[in-house]
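The following note is offered to a colleague who will read the model alongside its sequence. It takes the form of numbered points.

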Amino acid sequence: MNPLDRYESLVDDVDAFRAACDRSLPSVVRANGVAASPDRVREAFDESGVAYEPVDWHDGLFRLPDGNPGGNWPYVHGWTHGQEEVSVLPTLALDPRPGERVWDACAAPGSKTTQIADAMDDEGTVVANDNNLGRLSALRHNAERLGITNTIVTNQDARNFSTKPLAFDEFDRALVDAPCSCEGTCRKNPDVLDQWTLDHVHAVAGIQKGVLARAVQATRPGGTVVYSTCTFAPEENEAVLDHVLANEDCGLVAFDLPLDTDPGVTEWEGETYDESVTRAKRIYPHRNDTGGFFCAKLRVGGEGDGSDGEGVAA
Amino acid sequence: MSDDAAAAGEAASDAPTNDGQQFDRLPETPADREVQGRASRAEVLDWWAERFGIGEGVFEEYGFWEKGAGKIWVFNGEATDPSEVEAVGMTFLRTRQEHWKPTGRAVSRFGAHATKNVIELDPEQASRFAAGDDQDIPEWDGDWGYLIATHEVAGESVPIGVGLYLYDELRSVVPKGSRADLPVVE
C-alpha cells in the first residue's frame, strides 16, 4: 500500500496533498553564518553565475534550480550546506543562544547540528550524538567543512545517554530529530514509500519515546526540548508526545514557525491524545510546497502556562 | 612501547604518555608539559603568529587539545580533561613532526587573519588548486613550506586551503575527499 493513503483523512485538500507529494523538490542550501552572511553567498553566486531563488520565509535559504549544490566556490568555502527547507524548522523552534549547552540527540549527518552551532555564533557547547558511527563521520566532515568549533561528538544510544563524558550534567536545550519512517521526504526519495511498513512505524515509535524521554530528563528545569520527525504518522508524532507528557515532567508550549502549519491531531485510529498536542505543528507538502514535517516544542518542568514565554522566564 | 615513551627514555619510566584514544588539553607552556613530545598552548600560539602573522588574540577563547600522535584540535566550548568522545571541535594542526602543518579546515576558518605566507591565486590557479593539482608558480618570492592559498571572491580574499611550496612549485594538499572540480570564475 502507499502509506500516504492513510493520511488523507487528516488533510483538508487531498488532491493538493497527493499532487504535492508527487512533485520533486529543488536542491536547497542554507547559508552558514559562521563563515559567511546570506549577502556574501548571494554575491558569490552572482559572480560565478550560479542560479538561485530566495525562500520567502527564510533569508538564509537558497533554491538552486540547476541542482549541483556542491559544485561551486561558496560550498567549497563552507559558506553553504545542502539542507531541505523544512529541515531548518526544528532549530528555529529550539532557538539556541550563544553560550548555552545544547544536545542534538540524533545528530548525524549534522545539518541541524551545524545550524544550531551557527545560531549560537559558534559559542557555547553543542553535544552532537548519534548511535551510528558511520553516519557520525559524515557529521564530522560537515561540521569541519562549515568551520564549526563548539561541538563535541559522542557515539551513544540516545535512549540511555550518559553525560559522564561531559563537563556538565544537564542541558539548556535539546533537539530530538528522531529516526522515523520518513514519508515526508518522499519528494526527494520516493523509495521511502515502497519501503514503508506498519511494523517499522511501531518499532521506531518505541525508540522515539525512549529518546524523547531521555532528552527531557537531561534538560534543566525551564529548559527547552524540541521533537521533530519527517513523517506524517501520528504513531510517531502525537502518540510519542502523549507518552512522554504522561511519563516525564514536561509540557508542550505554543510557538511560531515562519510558514503555514496545521495543528497536531488528538485522535488517530481509535487512540486519543492529550489535548495539548494541538500545540505541535504538522507541515504538509501542499501548504508551502516543501517536504513533510512534524515539530513540537516542550518546556521541561510543569510550571509553564503553555505559551512560549522564554523571554519573560529568562 | 610508543615512540613517545621511547623518546622519554630513562627520564621517567612512569611519566604520563600520550593516549591516542582520548582528548587531552594542551599544557599552557613547555614548563607545564607532562606528556613527552606534546606541544604546549604557548608554542601553538607562537607558531601561528610566526608562520602566518595570526595574533594570539584570535585564539583567546579557544582551547587546544591533542588526540592521536600530534593531531591538535581547536575547541570553543566546555569539555572534561581528558575527554573520551569522538570529537572535540575541529582538527587544527599536525605537530610531533619537523614542520608543523595546519589543516585545510583551520586555514579556511582562521586564515583570513593571516598577514604573511599567504599566496593569492588567480581564478585559473584557484580552480586547479581546489582540484588538487600541483602547479608551477616561480614568481612566488616568499618562504618555502606551508602557505595559505587564497583567491578573490566578490571583492574579498578568501582562504582556500593549505599549499606546500617547494622548488617553484605549489603543491595542493587539499585532501582527496575535499577536492572539487570548479569552473574558473574570472
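Which residues of chain A does UniProt assign to the feature "domain: SAM-dependent MTase RsmB/NOP-type"?

1. The model under discussion is predicted. An unreviewed UniProt entry places the feature "domain: SAM-dependent MTase RsmB/NOP-type" at residues 17–301 of chain A. Within the model, that span consists of 31% helix and 24% strand, and the C-alpha atoms at its two ends lie 37 Å apart.

2. The bounds of that annotation should be read beside the domain assignment of chain A, which gives domain 1 as 3–25 + 84–313 and domain 2 as 26–82. Domain 1 is thus written in two segments. The centres of the two domains of chain A, taken over C-alpha atoms, are separated by 25 Å. Their contact draws 20 residues from domain 1 of chain A and 19 residues from domain 2 of chain A.

3. Between domain 1 and domain 2 of chain A, about 1600 Å² is buried, and carbon and sulfur atoms contribute 55% of this area. On the domain 1 side, A:Glu85, A:Arg145 and A:Leu146 lose the most area to domain 2 of chain A; together they account for 40% of what that side buries.

4. The "active site" annotation, again from an unreviewed UniProt entry, covers A:Cys230. Where does A:Cys230 lie relative to the secondary structure? The residue is placed in the loop between β9 (219–229) and α9 (238–247) of chain A. Is A:Cys230 buried or exposed? Its relative accessible area is 16%, so A:Cys230 counts as buried, the cut-off being under 20%.

5. The surroundings of A:Cys230 deserve a close look. Leaving aside residues up to four places away in sequence, A:Cys230 touches A:Cys180, A:Cys182, A:Glu183, A:Gly184 and A:Thr185, as well as A:Gly292 and A:Phe293. One of these, A:Phe293, belongs to strand β15 of chain A, which covers residues 293–300, and A:Phe293 also stands opposite A:Ile283.

6. Strand β15(A) is mostly covered, with 7 of its 8 residues buried. With β9(A), β15(A) runs antiparallel, and 6 bridges join the two strands; A:Thr229 stands opposite A:Phe294 in β15(A). Strand β10(A), residues 250–252, pairs with β15(A) in the antiparallel sense over 3 bridges, with A:Cys250 opposite A:Val300. Strand β14(A), residues 281–283, likewise forms an antiparallel pair with β15(A) over 3 bridges. Pairing of this kind is made through backbone hydrogen bonds.

7. Why is helix α5 of chain A described as largely enclosed by the rest of the structure? Of the 9 residues in this helix (residues 111–119), 8 are buried, so the surrounding structure encloses most of the element. The buried set comprises A:Ser111, A:Lys112, A:Thr113, A:Thr114, A:Gln115, A:Ile116, A:Ala117 and A:Asp118. After α5(A) comes A:Asp121, which has a positive phi near 55°.

8. Chain B contains 4 helices and 11 strands. Its C-alpha trace spans about 60 × 35 × 30 Å along the principal axes. Of the 186 residues in chain B, 48% are buried. Among the contacts in chain B with a separation of 6 or more, 54% join residues 24 or more positions apart.

9. In chain B, 5 strands form an open antiparallel sheet in the order β1-β2-β3-β5-β6. Strands β1 (24–25) and β6 (101–102) of chain B stand at the edges; each has a single partner strand, so one side of each lacks a neighbour in the sheet. Strand β5(B), residues 90–94, pairs with β6(B) in the antiparallel sense over 2 bridges, and B:Arg94 stands opposite B:Lys101 in β6(B). Helix α2(B), residues 41–52, lies across β2 (63–66), β5 and β6 of chain B and runs at about 75° to β5(B).

10. How many residues of each chain take part in the contact between chain B and chain A? The contact involves 40 residues of chain B and 36 residues of chain A. The two chains bury about 3000 Å² between them, 56% of it on carbon and sulfur atoms. On the chain B side, B:Glu78, B:Glu86 and B:Arg105 lose the most area to chain A, together giving 21% of what that side buries.

Technical notes. Residues are numbered from 1 along each chain as its sequence is written. Chains are lettered from A and ligands numbered from 1 in the order in which they are written. This is a predicted model: local features need pLDDT of at least 70, side-chain atom pairs count only at pLDDT 80 or more; totals for chains, interfaces and linings use all residues. Side-chain values use heavy atoms; hydrogens and water are left out. Buried means under 20% relative accessible area, exposed over 50%, partly exposed in between (1.4 Å probe, protein chains only). Two strands pair if DSSP finds at least two bridges between them. Contact means heavy atoms within 4.5 Å. Axes are lines fitted to C-alpha atoms, for helices over the stretch in contact, and angles run from 0 to 180 degrees between N-to-C directions. UniProt positions are given in the numbering used here, feature names are shortened, and annotations may be inferred rather than shown by experiment. Domain bounds come from an automatic or database domain assignment. Buried area is the accessible area (1.4 Å probe) that two parts lose on being put together, summed over both.
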